[in-house]
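Thanks for asking me to look this one over. Here are my notes, in numbered points, for you to read alongside the coordinates.

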Amino acid sequence: MTLPPTEQLHPDAALLTRGDLISSARALAEGQIAAAETVRGALGNIAQGAMAMATTIRENGVLHYVAAGSSGLMAAADAQELGGTFSIPPTRLRIHMAGGLPTGVEMPGAAEDTTDGIQNALDEVKASDTVIAVSASGSTPYTLTAMKISKARGATVVGIANNAGSPLLEEADIPILLATPPELISGSTRMGAGTAQKIALNMLSSLMATELGHVHGGMMVNLRADNDKLRSRATAIVARIADVDANTAKHALDTANGDVKPAILIAARGLSLEEAGTRLKATDGILNAALGQD
């Protein structure tokens, strides 16, 4: 019987030994680097998946993240950061994790084999939605069931898995294969497979935000400054893009209630908040276009 790559023994597994933790650390680091490099082979489908996600947000749809175990933690982390980073409203995001999101240090391992509750959880899925389904093996029952329900409802499914030919990749609308090597600790997919998943998920959401115009010159211009760290970051963004001093940037942010895009237009073009909002609406929120208007 041939085991899938995520379950095979790594050829350097014997390098993990007691008494020589430096060599063991080197082997683990190399394993993580090798896993991360596999993302390069999936760039086309990652870009396609990001476009589907951007279309969903434009069409007032919902992004659904579905996974179990450590893959679920990676998916949840990406989903939970979209609000603070890109101001994606919580009403446009859902996390479906086998057994529910953990509230303590234990995760129920058996939950990934069950499909209890997933039908009801996905009742609201519609054709304008995108489902991001993640499974290292590509055969997790919870995730596969969620994918089938979502496809039947017309949603676009982006499938992320680490084993070629797995059911998740075979049936997803946009399959993303992250062909990571076997783990240094056999089967511990929270390591290399999880690292590649996190990179791919971060790329999907960052590319989505770029397509939506939420990134300008490498800066997150769709954030709302609602704490000290973000206010400081937002001030620097407004000052840099509008080419004004910090005080002018702060005043513009106050006028815009902490929203960066209108603050930039206020500072750079001397617009009122209402005028800035009108211009952004007319340009679909694309800052380059809004700044170019006379």
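1. Let me start with a pair of helices towards the end of the chain, bearing in mind that this is a predicted model. The axes of helix H8 (residues 228-242) and helix H10 (residues 260-269) come within 9 Å of each other and cross at roughly 40°. An angle of that kind is neither under 35 degrees nor in the range from 65 to 115, so H8 and H10 count as oblique to each other. Their crossing is right-handed.

2. Which residues make this contact? On the H8 side they are Ala 234, Ile 237, Val 238, Ile 241 and Ala 242, and on the H10 side Val 260, Ala 263, Ile 264, Ala 267 and Ala 268. In terms of residue type, the contact of H8 with H10 comprises 10 nonpolar residues, with no polar and no charged ones.

3. H10 deserves a second look for its burial. This helix is mostly covered, with eight of its 10 residues buried. The buried ones are Val 260, Lys 261, Pro 262, Ala 263, Ile 264, Leu 265, Ile 266 and Ala 267; do note that a lysine, Lys 261, is among them. What do the buried residues of H10 pack against? Their partners are H8, helix H9 (246-255), helix H11 (273-282) and helix H12 (287-292).

4. Both ends of H10 have a backbone detail that you may like to check. Just after the helix, Gly 270 takes a positive phi of about 65°. On the other side, in the loop between H9 and H10, you will find Asn 257. Phi of Asn 257 is near 60°, a positive value in a residue other than glycine. Asn 257 counts as exposed because its relative accessibility is 55%.

5. There is another asparagine to put beside that one. Asn 60 sits in the loop between H2 and E1 and has a positive phi of about 60°, although it is not a glycine. Is Asn 60 buried or exposed? With a relative accessible area of 57%, Asn 60 is exposed.

6. Now to the other helix pair on my list. H2 and H7 pack at an angle of about 50°, and their axes are 8 Å apart. These two helices are therefore oblique to each other, and H2 passes H7 in a right-handed crossing. H2 contributes Leu 43, Ile 46, Ala 47, Gly 49, Ala 50, Met 51, Met 53, Ala 54, Ile 57 and Arg 58 to the contact, while H7 contributes Ala 200, Met 203, Leu 204, Ser 205, Leu 207, Met 208 and Glu 211. The residues of this contact divide into 13 nonpolar, two polar and two charged.

7. Next, the interior. The largest nonpolar core has 31 residues, and those with the most contacts inside it are Leu 63, Tyr 65, Ile 132 and Met 208. At least two residues of this core come from each of helix H2 (43-58), strand E1 (63-67), helix H3 (69-86), strand E3 (130-135), strand E4 (156-161), strand E5 (174-177) and helix H7 (192-211). A second, separate core of 27 residues includes Ala 225, Ala 267, Leu 271 and Ala 276. Ala 267 also belongs to the contact of H8 with H10.

8. Tyr 65 merits its own entry. Leaving out residues up to four places away in sequence, Tyr 65 touches Met 53, Ala 75, Asp 78, Ala 79, Leu 82, Leu 93, Arg 94, Ile 95, His 96, Ile 132, Leu 201 and Ser 205.

9. A smaller local point concerns Ala 164, in the loop between E4 and helix H6 (167-171). Ala 164 counts as exposed because its relative accessibility is 59%. Even so, Ala 164 touches Leu 169 and Leu 177, not counting residues up to four places away in sequence. Ala 164 and Ile 185 are 21 residues apart in sequence and 20 Å apart in space, C-alpha to C-alpha.

10. Finally, the overall picture. The protein has 12 helices and seven strands, and its C-alpha atoms fill a box of roughly 70 × 50 × 35 Å along the principal axes. Of its 294 residues, 46% count as buried. Among contacts between residues at least 6 apart in sequence, 65% join residues at least 24 apart.

How values were computed: Residues numbered from 1 in each chain as written. Predicted model: local features only at pLDDT ≥ 70, side-chain atom pairs only at ≥ 80, totals over all residues. Heavy atoms only, no water. Axes fitted to C-alpha atoms, helices over the stretch in contact; angles between N-to-C directions. Helix = DSSP H or I, 4+ residues; strand = E, 2+ residues; numbered from the N terminus. Parallel < 35°, antiparallel > 145°, perpendicular 65-115°, else oblique. Left-handed = near helix turned anticlockwise from the far one by under 90°. Contact = heavy atoms within 4.5 Å. Nonpolar A, V, L, I, M, F, W, Y, C, P; charged D, E, K, R; others polar. Core = buried A, V, L, I, M, F, W, Y, C linked by side-chain atoms within 4.5 Å. Buried < 20%, exposed > 50% of the residue type's maximum accessible area, 1.4 Å probe, protein only.
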